[in-house]
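Me: Please take a close look at one part of this model, the space enclosed in its interior, and set it in its surroundings. A connected account in prose would suit me best.

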Amino acid sequence: MNKQTKEKSNSELPKAKSRMHEHWWKVFLGIVVLSAWTRFYKVTEPDHMLIALSGYTSGYDGSFPFEKPGDKYENVNYVGMRLFCTFLGACIPPMAFLTVWEMTYSLQAAVLSSLFILCDVGILTLTQYILLDPILLFFVMGTNLGVVKVHACRNEPFSLKWWTWLVITGVMLSCAVSVKFVGLFVVMLAGLRTLEELWDILGDLSKPVIYTAYHFVARALCLIVLPAILYTAFFYIHLKVLSKSGNGDGFYSSAFQSQLEGNSLHNASLPKDVAYGAIVTLKNHRTGGGYLHSHWHLYPEGVGARQQQITTYTHKDENNKFLIKYYNKEIDVNDTEVVLLRHGDLVRLEHVTTHRNLHSHREPAPISKKHYQVTGYGENGVGDANDVWKVQIVGGREGDVVHTVTSKLKFIHALQHCILTTSNKQLPKWAYEQQEVSCNPNLRDKNAIWNVEDNVFDKLPIVSFDVYAPGFIERFIESHAVMFQGNAGLKPKEGEVTSRPWQWPINFRGQFFSGNPFRIYLLGNPVIWWANLILLLVFIVTFLFTAVREQRGYMDPEPFNGILVTFFLESIIHILPEKYGNPLFHSMNGIVLSAIAYSFYLFAPLAYGMEGPSAGDPESVMHGLKWLDSWEF
């Protein structure tokens, strides 16, 4: 778009706004009412600080765990949390209306875009329950609205209105990322839009270069510095408020766990040094690493030697405890002499519950076939030479004492010359889907580092665990490392039905949210989803066609609409005589609106609840709507 055209379009926008349809407010209020009615129609059923806050202020006492859909809530006061999430979900269609209106000043485009969201039963399902999705979508839509509002104020830069919307955009950005890391995508969108605006400002030769620098600093403060400060503040509150122990403690380091109330390490006092005869737990030092673990179950036939399983387990458990023994003699409980464990010592590790020794041999590991299998072997602590391991402290020297928590340890097999490690690969159901432990011939394995966490030994003086307490910055960094590790390690469970990324945009498969008596099924409105895909393709073709014609000088470029539906419909209407075009335009709008509303009427039971036989039964009222075999409602 050339400069004259851009100036022309900029001057026409206020005129277009001044010619706003006299029923604009009525239409907007209608969208608000419809959004509220569809979202609050059935608010009668049922982490994250915002949800917790809404529950706390409405009387929820935190006793119900919300572990799986379908659990009976009995007398749990969940209505406040449900209303909070539903309210944010109900705000999304009106915000979409305002965003598109600000981009186009087209009432038809604003109505159509908001109705696409309002009548999508998939979004309706996500935004009427106690989930993170309505919160995330609210902040994402708020960011989009803020971006277009800042752009709308481009002719009055550095005014109070301009600064207000810039700050609101920064706040919405930080909140979107704080809810889920998926919010980073809207950060990219806002960043690209900001770069485009700065590039346009730089191209305005009537302004000095320093003027562009002022704009850059303003946006950097509001869209980078402010969100970063808010995000860090949210995490500070998160770590202060959510200070209790939970079943996910094992994903964090021993030092981090010492700050969690109710954890065995909180306010604990343990021996600083590790000695022979101590009962210890060994935690893998990798981010999110579990505890060395064993149980009575054996490896199945065909999986190496049929000996006792050794795994890592991310939860605290009695089966995580091992006894440190001399490699060549048994521990004498009556011996008063204390012998400390040192760098370079040879040891045996006896599993306390089963009295079998940590063992390895040249059988292949269950999953990592280039590694050796690690098992529990022997009877009552008596095994063979393959039970002997050499202890090394990372960065240690001969004779250095092994310390609780702080010493980073390696266990090298004395005969096989391999190193005890965990691959972070999930074992099948026969190992309760715990992580694989193996012995890697490559002694440089970065996952082969462990530390002593629990250390039970009565003959040594104890010290407070507070000496290992990390500061906020260390906890902040570790929390994010664990989150990234956890997200990267998410894998479907054995036998679990999964979907492929290419299936998501085409609405290939849905997901059950609840079972009988009212079945809720998450599936996007196929009319809206498939129409969107078609319109996206039309947009690409139209954009390329228009760009080529503009570049070749065949047309006087008009401001690009940005809202495809209106652009597409008006493109057709403009080729017709005016006396036919206007009625046809309104007729086509009516057809589109009717199709959206009717499709919502047909598929609404997916979100509000279905009764009777499933759609696969010819007698089901939903049978005619099972357009794809992969839909399971």
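Reply: A cavity here is a set of grid points where a 1.4 Å probe fits but cannot get out. The model is predicted, and what follows is computed from its atoms. By that definition, the largest cavity has a volume of about 80 Å³.

Ten names make up its wall: Val147, Val150, Leu166, Thr169, Ala190, Arg193, Thr194, Glu197, Arg219 and Leu223. Four helices, H7, H8, H9 and H10, each contribute at least two residues to this lining. Helix H9 supplies the largest share, namely four residues.

The charged members of the wall deserve particular attention. Arg193, Glu197 and Arg219 line the cavity, and together with Glu196 they belong to a network of salt bridges. Side chains of opposite charge can pair when their charged atoms come close. Within this network, arginine 219 and glutamate 197 meet through their side chains, with 3.0 Å between N and O. The two partners come from distant parts of the chain, with arginine 219 in helix H10 and glutamate 197 in helix H9, 22 residues apart. Arginine 219 and glutamate 197 are both buried.

The surroundings of the cavity also include an open space. The second largest pocket holds about 370 Å³ of space. It is lined by 18 residues, and Leu173, Val187, Leu223, Ile224 and Pro227 lie closest to its centre. Helices H8 (160–179), H9 (184–202) and H10 each give two or more residues to that lining. Helix H10 contributes the most, with eight residues. Leu223 thus has a place in two settings: the wall of the largest cavity and the group closest to the centre of the second largest pocket.

Which residues form the nonpolar patch on the surface? Phe216, Val217, Leu221, Ile224, Val225 and Ile229 form it, and together they present about 570 Å² of accessible area. Leucine 221, one of these, is found in helix H10, which covers residues 209–241. Its relative accessibility is 45%, so leucine 221 counts as partly exposed. Ile224 belongs to this patch and is also among the residues closest to the centre of the second largest pocket. Helix H10 therefore holds a patch residue that counts as partly exposed at 45%, while arginine 219, in the helix as well, is buried.

Helix H7 also takes part in the cavity lining, and the chain leading into it can be described briefly. Tyrosine 129 sits in the loop between helix H6 (121–126) and helix H7 (133–152). Tyrosine 129 counts as buried because its relative accessibility is 9%. The C-alpha atom of tyrosine 129 is 6.7 Å from that of threonine 86, although 43 residues separate the two along the chain. Cysteine 119 has a relative accessible area of 6% and is likewise buried.

For context, the pairings elsewhere in the model may be set beside the one at the cavity. The structure holds 13 salt bridges in total. One of them joins lysine 325 and glutamate 350, with N and O 2.8 Å apart. Lysine 325 lies in strand E5 (residues 321–326) and glutamate 350 in strand E6 (residues 346–351), so this pair ties together parts that are 25 residues apart in sequence. Lysine 325 and glutamate 350 are both buried. Lysine 321 and glutamate 318 form another salt bridge, their closest N and O atoms lying 3.2 Å apart. In that pair, lysine 321 is partly exposed at 26%, whereas glutamate 318 counts as exposed at 53%.

The structure also holds one disulfide. It joins cysteine 418 to cysteine 439, with an S to S distance of 2.0 Å. The link is right-handed, with 95° about the S-S bond. Cysteine 418 lies in the loop between strand E10 (409–413) and strand E11 (419–426), and cysteine 439 in strand E12 (residues 435–440), so that the pair links distant parts of the chain, 21 residues apart. Cysteine 418 is buried with a relative accessible area of 0%, and the value for cysteine 439, also buried, is 0%.

To return to the part requested, the largest cavity of about 80 Å³ is lined in part by Arg193, Glu197 and Arg219, which are linked with Glu196 in a network of salt bridges.

Conventions. Residues numbered from 1 in each chain as written. Predicted model: local features only at pLDDT ≥ 70, side-chain atom pairs only at ≥ 80, totals over all residues. Heavy atoms only, no water. Buried < 20%, exposed > 50% of the residue type's maximum accessible area, 1.4 Å probe, protein only. Patch = residues over 30% accessible without salt bridge, like charges linked within 9 Å, V, L, I, M, F, W, Y side chains within 5 Å. Areas by Shrake-Rupley, 256 points an atom, 1.4 Å probe, with all protein chains shown as cover. Salt bridge = Lys/Arg side-chain N within 4 Å of Asp/Glu carboxyl O. Disulfide = S-S within 2.5 Å. 1 Å grid on protein atoms, 1.4 Å probe; cavity = no way out; pocket = protein on both sides within 12 Å on 5 of 7 lines; lining within 4 Å. Points joined across faces, edges and corners; volume = space filled by probe spheres on them.
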